[in-house]
Amino acid sequence: MNYQEALDWIHGKLKFGIKPGLERMAWMLEELGNPQKNLAAVHVVGTNGKGSVTSYLQHIFSSAGYEVGTFTSPYIVDFRERISLNGQMISETDFLDLVERVRPVVERLSVETDLEPATEFEVITVLMFEYFGHMHPVDIAIIEAGMGGLYDSTNVFKALAVVCPSIGLDHQNVLGQTYAEIAAQKVGVLKEHVPFIFATEREDVRHVFVNKAHDCDSRLFEFAKDFYAQENENGFDYQGLENLKNVKLSMPGKHQVSNASLAITAALLLKKDYPKVTNDIIRKGLEETHWVGRTELMFPNVMIDGAHNNESVKALVDVMQKYKDKNLHILFAAIDTKPIDSMLELLSQLADVDVTTFVYHNSLPLEKYPSNYHKVANWKEWIDKINLNSQEDFYLITGSLYFISQVRPVLLSRQEN
């Protein structure tokens, strides 16, 4: 089996859709000797900010000299990004070895049991647990949940800590219609005595979290209540388990101050088991953190950002205030499960928005966009017209992370040229 054949095998599981539940995961992991039981890991759940928190924690622990595994989704450039060591995606050789180990178990699932075949996300999650648990053990893993929590494929291990940066209205067809229902799904990963670190401004969400933490006898750490961040001209000061002055971030936005504060709290909580994590290391890790495809400046006047729901678009609008003196050009594309109208209304506060579509199985077709937005049939032609030398113009390309994953290589090729 070569690399493309391995990918084709994994992607072939897409036809089995999304099937919440842990029975298939439990069977496959049992057959592999339960690699997840070997892991020391942080579980990151929530709607927005999971990737940023995961990246902050990875950089902190890697900077301290620990070997850190991360599990993230979706990927931006290469599928192997989803399973990474110290920020570097798994090698092709290791990936192929891993697929060869796991594939027979996956294929036996629906033959030897009454269970349905494994989904794509379940297969990827099993690959990750086998890699970090058996094949390439790590000092710590940072595991990003997929869509939910309670029935998410990742919810098969006991975490060192659970971190939740936000709750928003996303994937409501699966997770529930209200903030409280979605919060209950996300916090469903919490186990007995595991600390829970979170940020929310909603009382209904807080109520769900407090009740779950009480049931689990878990310590709660709430942003702006148990730990704080005060912004200043040098970055921000963190006050919590310890105090850190003048913390600097490379990623812009108030939401990143919140995300970074959650990561600091998690790192400080784990210091007793990871003594090489010092306050200076935390500062260094945070300052060096970049997250591909999120408020990423590809050129001085071109930013890409995978803002794929109302909450992440609001955060992006906040970030873009620093460019409000520019002539702003916005290109947007989304998938068909998103609140398109409200996302476009939010972006329209900044400037007129051009909309487009892209090659993906559920990308929103051009004709489905509201008629009052300028429609771009070919997004690559829009990018070709970007004036990279302009001091007056600023270009923002946003929407689905699947769209951003296609845009980024095109922009990279312009960098190389």
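How many disulfides does the structure hold? The structure, which is a predicted model, holds zero disulfides. Cys164 takes part in no disulfide, and the nearest cysteine sulfur, which belongs to Cys216, is 14 Å away. A disulfide requires a pair of cysteine sulfur atoms within 2.5 Å. Cys216 is likewise in no disulfide, its nearest cysteine sulfur being that of Cys164. With a relative accessibility of 0%, Cys164 counts as buried. Cys216 counts as buried because its relative accessibility is 6%, and buried means under 20% relative accessible area.

Cys164 leads to the strand in which this residue lies. Strand β6 covers residues 161–164. Which way do the side chains of this strand point? In a regular strand the side chains alternate between the two faces of the sheet. In β6, Ala161 and Val163 point one way, while Val162 and Cys164 point the other way. All four of these residues are buried.

The strand β6 has a partner on either side in its sheet, which is an open sheet of eight strands in the order β4-β3-β2-β5-β1-β6-β7-β8. The pairing within this sheet is mixed. With β1, which spans residues 41–44, β6 pairs in the parallel sense over three bridges. Within this part of the sheet, His43 stands opposite Val162 in β6. The strand β7, made of residues 196–198, also runs parallel to β6, and three bridges join the two. Here Val163 of β6 stands opposite Ile197 in β7.

Elsewhere in the eight-stranded sheet, the antiparallel sense appears. Strand β2 (residues 68–71) and strand β3 (residues 83–85) run antiparallel and are joined by three bridges. Thr70 stands opposite Ser84 in β3. At the edges of the sheet stand β4 (88–89) and β8 (220–222). Each of these two strands has a single partner strand, so one side of each is left without a neighbour in the sheet.

Helices also accompany this sheet. Helix α8, formed by residues 203–216, lies across β6, β7 and β8 and runs at about 160 degrees to β8. Helix α9 lies across β6, β7 and β8 as well, running at about 160 degrees to β7.

The next topic is the packing of helices against one another. Two packed helices are described by the angle between their axes and the distance between the axes. For α9 (residues 254–269) and α10 (residues 279–287), the axes come within 11 Å and cross at roughly 145 degrees. This crossing is right-handed. From α9, the contact draws on Ala260, Ile264, Ala267 and Leu268, and from α10 on Asn279, Ile282 and Leu286. By class, six of the contact residues are nonpolar, one is polar and none is charged.

A second helix pair is formed by α4 (residues 92–112) and α5 (residues 120–135), whose axes come within 10 Å and cross at roughly 115 degrees. The crossing of α4 with α5 is right-handed. Among the residues of α4 that meet α5 are Asp94, Leu98, Arg101 and Val106. Those of α5 that meet α4 include Val123, Leu127, Glu130 and His134. Which classes of residue make up this contact? The contact of α4 with α5 has nine nonpolar, one polar and four charged residues.

A residue from another part of the chain touches members of this helix pair. Lys13 is found in the loop between α1 (3–11) and α2 (23–31). Is Lys13 buried or exposed? Lys13 is buried, because its relative accessible area is 10% and the limit for a buried residue is under 20%. Leaving aside residues up to four places away in sequence, Lys13 touches Val106, Glu107, Ala118, Thr119, Glu120 and Val123. Of these, Val106 in α4 and Val123 in α5 also belong to the contact between the two helices.

The structure also contains an open sheet of six strands, with the order β12-β13-β17-β14-β15-β16 and mixed pairing. Its edge strands are β12 (296–299) and β16 (374–376), each of which pairs on one side only. From one strand to the next, the twist averages 25 degrees. The strand β12 pairs with β13 (residues 302–305) in the antiparallel sense over three bridges. In this pairing, Glu296 has Ile304 in β13 as its bridge partner.

Technical notes: Residues numbered from 1 in each chain as written. Predicted model: local features only at pLDDT ≥ 70, side-chain atom pairs only at ≥ 80, totals over all residues. Heavy atoms only, no water. Buried < 20%, exposed > 50% of the residue type's maximum accessible area, 1.4 Å probe, protein only. Pairing = 2+ DSSP bridges. Helix = DSSP H or I, 4+ residues; strand = E, 2+ residues; numbered from the N terminus. Axes fitted to C-alpha atoms, helices over the stretch in contact; angles between N-to-C directions. Left-handed = near helix turned anticlockwise from the far one by under 90°. Contact = heavy atoms within 4.5 Å. Nonpolar A, V, L, I, M, F, W, Y, C, P; charged D, E, K, R; others polar.
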